[in-house]
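Student: Please take a close look at a single part of this model. I should like each term to be given with its criteria.

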Amino acid sequence: MQSLDVIVHAVSLASATSHSYELRAAPGAAALPSFEAGAHIDVRLGPSLVRPYSLCNSPRETGRYLICVRRDDTGRGGSRTLHRDLHVGRRLRISPPRNHFPLVAARRHVLVAGGIGITPLLSMAEALAAREAPFVLHHYTSSAADAPLLERLVASAFAERTVVHHSDRGDTVRTGLPAELLAPDPDTAVYVCGPDGFMTHVTAEATAAGWLPGQIHTERFAPATPATPTAAGAEVTTEAATEFTVRIASTGIGYPVPADRTIADVLTSGGVEVELSCEQGICGACLTPVLAGEPDHRDEVRTPEERAADDRITICCSRSRTPELLLDL
Ligand code: FES
């Protein structure tokens, strides 16, 4: 992947289970590019272990990236590796920031975070506060001890526009939506980020309250679609998969993609270099231009309109509706 050399400048506790990492350009390396609120970076943690993490500092800050990572003992291992191995002074390779969850033009913004889903929304809140735009931030957590970045929220310039909810006090999104979501407003944009069940519930309730789907912007940390493992350990959706051929434009070589393997897996095995990060269709790192053929999109990182253009495909999870796909690689 296109990469930046960084060094872990500082590590701090962000909650009982979360660490905050400050990354700066490594000595002699290029300066860090600027980023937009909602952007994430891919962090290379090992030869075949890359994970996406949202940037949670203000986009106005130059010279450092902040990420916050909650240790998930039931996850695929990225957060455990990161908590164990990332110490001050460690050099890392990361991707430049990319943004699939941008702030949109709206008169008012409602930000709704569940747990570690606060990270991109915190960067958005910083950006909105800096431009004095009207917004409110709701953060739902299990308890004060387990609320990522709570101290920073409480000390922020937008603390008065922040409402923190703790489920151990009976205050959950299931006991009632934030008041702002009960009154749909055509000039307001809603952003939701958090665990899958949280996002599904908030989105469904907000839609039932009268918000239009185009007003609700989401970013997932895990795919909502049930998935089954492939032989290679990657994931595909449970929708029936069939074999097809993927052809590389630069070489003309075609590679058969069996039903139980992903395009990325087949290309990697064939020695074709591809960019990967989440390998679940939720980060966009593997988006590849399509020159011919009709992709069967299975990612959750792009809008329906973006997928309908059929000009790019997430090769970690998507497949083909035509016998052959020609990729611009
Ligand atoms: S690697 Fe993240 S969408 Fe494909």
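**A close look at one sheet**

Tutor: The average pLDDT of the chain is 90, and 94% of the residues score at least 70; pLDDT is the predictor's confidence in each residue, from 0 to 100. This is a predicted model, in which local features need pLDDT of at least 70 and side-chain atom pairs count only at pLDDT 80 or more, while totals for chains, interfaces and linings use all residues. Residues are numbered from 1 along each chain as its sequence is written, and side-chain values use heavy atoms, without hydrogens and water.

The part chosen is an open sheet of five strands, with mixed pairing and the order β15-β14-β20-β16-β18. Strands are DSSP runs (E, at least two residues) numbered from the N terminus, and two of them pair if DSSP finds at least two bridges between them. Because β15 (254–257) and β18 (312–314) each have a single partner strand, they form the edges, and one side of each lacks a neighbour in the sheet. From one strand to the next the twist averages 40 degrees, with axes fitted to C-alpha atoms and angles running from 0 to 180 degrees between N-to-C directions.

Within the sheet, β14 (residues 244–248) pairs with β20 (residues 324–327) in the parallel sense, over four bridges. Valine 246 has leucine 325 of β20 as its bridge partner.

One stretch calls for caution. Residues 226–238 have pLDDT under 50 throughout, and the model gives them 25 contacts beyond four places in sequence (contact means heavy atoms within 4.5 Å). Where pLDDT is low, the predicted coordinates should not be read in detail.
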